[in-house]
Amino acid sequence: MSPAPRVFVTGVTGYLGGHTVMRIIEKHPEWIIVALVRNVNQRNTILARWPKIEVVLGDLDSKELLIEEGKKADVVVQIASSDHIPGVLALIEGLSQKKPAPGRLIHVSGTGMLNDVSNGFGQPSEKVYHDIADVVEITSLPIENHVHRDVDIAVLEGNKKYSVPTAILSPPMIHGVGKGPIKTRSIQIPFLIDAILKHGKGFQVLEGQNMWNSLHIDDAASAFILLVEEALKPNGGNAQWGSDGYYFAEAGEFKWGDVSKAITNSLLAQGAIKNEDVDKLTVEQASALHPWAPLLWGGNCRARADRLHALGWKAAGPDMFETLPSMVAEEVKNFGAQSNTTTFGK
Ligand SMILES: NC(=O)c1ccc[n+]([C@@H]2O[C@H](COP(=O)([O-])OP(=O)(O)OC[C@H]3O[C@@H](n4cnc5c(N)ncnc54)[C@H](OP(=O)(O)O)[C@@H]3O)[C@@H](O)[C@H]2O)c1
């Protein structure tokens with residue numbers, strides 16, 4: 001009998017990583033999960049929830065530790081950060097030393113890297129990126145004005161230098177309250193709810209006609225799991241790796257103005273604000289509420305998950321307008337007590 005696959009995961013304390021590990025454990029209790037956490041408190045919380053997983057102490061700057069863990073892993077799922085080059089390079093170096101063959105890396109990026117404001121903030125753009133047809137264009141976008149691109153480039157360079165099969169999974173705006181052990185809050189919608197509460201009233205960036213894709217947290221988890229399953233098959237299964245290994249995951253599109261309106265209505269219904277108006281803020285005014293407002297809520301990031309669909313993946317989670325009231329309730333409950341920093345803002 002072949003030994004149980006060993007999967008090393010970063011970001012288990014986070015929203016996306018914590019939820020994904022939960023779904024992995026449910027679906028694949030036979031896998032050995034090893035998780036990176038920064039400190040003993042986090043370790044205790046994780047082990048209280050999942051006594052059977054292995055936990056190692058360190059962070060994405062713990063080069064020697066990441067090389068050692070990479071060396072032992074069949075698959076590394078890097079979900080802690082889309083913005084940490086030394087971490088992914090150390091993991092790739094470690095995976096290259098796995099015997100008898102290198103292990104595989106699945107790295108989280110994000111469709112924020114597509115940011116398109118060619119028609120101005122708050123305006124729609126026509127450009128839609130298909131991850132099969134446009135893979136060369138997607139993996140050639142400049143670093144300037146495109147978050148995460150520096151790390152995506154480093155991953156592909158690492159793939160070539162070390163002959164380690166890599167896949168980059170690039171989710172869009174993920175919604176829904178997570179069920180992981182520590183952080184359960186996503187980024188863009190919670191930060192927008194928080195900013196609206198700070199503003200005391202609904203707002204959108206200018207006309208609010210700009211578009212993004214959405215994805216329920218369960219569907220984000222299922223996309224990662226599918227890629228790990230493929231990674232564990234001989235020769236990486238039917239998935240593509242390296243320069244073609246770029247995957248979007250998405251479940252349809254929305255306009256940010258519609259989200260602002262829905263949040264405003266929900267906050268009004270929950271008694272957290274007093275009227276239903278939605279202000280049209282300039283980029284400068286929105287940036288005063290969050291420094292990354294132009295990227296978070298003001299541009300277009302339009303992607304199509306053709307590559308995952310070709311592997312049989314389907315989004316099955318609820319629509320974002322269904323999950324929104326629960327996200328609003330969480331933000332109202334925790335208003336002022338949470339950090340609104342991003343990995344690309346550090
Ligand atoms: N949520 C989304 O909608 C979305 C969509 C696309 C892409 N992404 C990207 O996916 C990544 C994870 O997102 P998330 O929403 O899960 O964020 P999150 O809730 O903040 O989770 C990230 C987790 O990774 C850990 N982490 C971050 N940097 C680390 C480092 N240098 N060393 C060790 N641990 C580190 C953090 O630990 P501590 O708590 O100890 O800092 C945190 O628990 C981010 O880079 C994000 O930009 C997210």
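**Note on helix packing, ligand contacts and two backbone details**

1. In this predicted model, helices α9 and α13 are oblique to each other, since their axes, which come within 10 Å, cross at roughly 55 degrees, and an angle in that range falls outside the classes of roughly parallel (under 35 degrees) and roughly perpendicular (65 to 115 degrees). Helix α9 covers residues 256-269 and helix α13 covers residues 320-333, and the crossing in which α9 passes α13 is right-handed.

2. The residues that make this contact are, on the side of α9, Asp258, Val259, Ala262, Ile263, Ser266 and Leu267, and, on the side of α13, Met320, Phe321, Leu324, Pro325, Val328 and Val332. Sorted by class, the contact between α9 and α13 consists of 10 nonpolar residues, one polar residue and one charged residue.

3. Helix α9 also packs against helix α7, which spans residues 188-199, and here the axes are 10 Å apart and the angle is about 60 degrees, which makes α7 oblique to α9. The crossing of α7 past α9 is right-handed.

4. In the contact between these two helices, α7 contributes Gln188, Ile189, Leu192, Ile193, Ile196 and Leu197, while α9 contributes Trp256, Val259, Ser260, Ile263, Thr264 and Leu267. By class, there are nine nonpolar and three polar residues in the contact of α7 with α9, and no charged ones. A reader tracing α9 may wish to look at Val259, Ile263 and Leu267, which are listed in the contact with α7 and are listed in the contact with α13 as well.

5. Turning to the ligand, there are 24 residues around it, and those that come nearest are Thr13, Leu16, Arg38, Gln42 and Thr343. Polar atoms of the protein also approach the ligand: a polar backbone atom of Tyr15 is 2.9 Å from a ligand oxygen atom, and a polar side-chain atom of Lys183 lies 3.0 Å from an oxygen atom of the ligand. For Ser186, a polar side-chain atom lies 3.1 Å from a ligand atom that is a nitrogen.

6. Two backbone details deserve a look when the loops are inspected. The peptide bond that leads from Lys99 to Pro100 is cis, with omega near 5 degrees, and Pro100 is placed in the loop between α4 (85-96) and β5 (104-108). Leu206, a residue other than glycine, has a positive phi, near 50 degrees, and Leu206 is found in the loop that runs between β9 (202-205) and β10 (211-216).

Terms used:
Residues numbered from 1 in each chain as written. Predicted model: local features only at pLDDT ≥ 70, side-chain atom pairs only at ≥ 80, totals over all residues. Heavy atoms only, no water. Axes fitted to C-alpha atoms, helices over the stretch in contact; angles between N-to-C directions. Helix = DSSP H or I, 4+ residues; strand = E, 2+ residues; numbered from the N terminus. Parallel < 35°, antiparallel > 145°, perpendicular 65-115°, else oblique. Left-handed = near helix turned anticlockwise from the far one by under 90°. Contact = heavy atoms within 4.5 Å. Nonpolar A, V, L, I, M, F, W, Y, C, P; charged D, E, K, R; others polar. Near = heavy atom within 4 Å. Polar contact = N/O pair within 3.5 Å; in protein donor to acceptor, adjacent residues only side chain to side chain.
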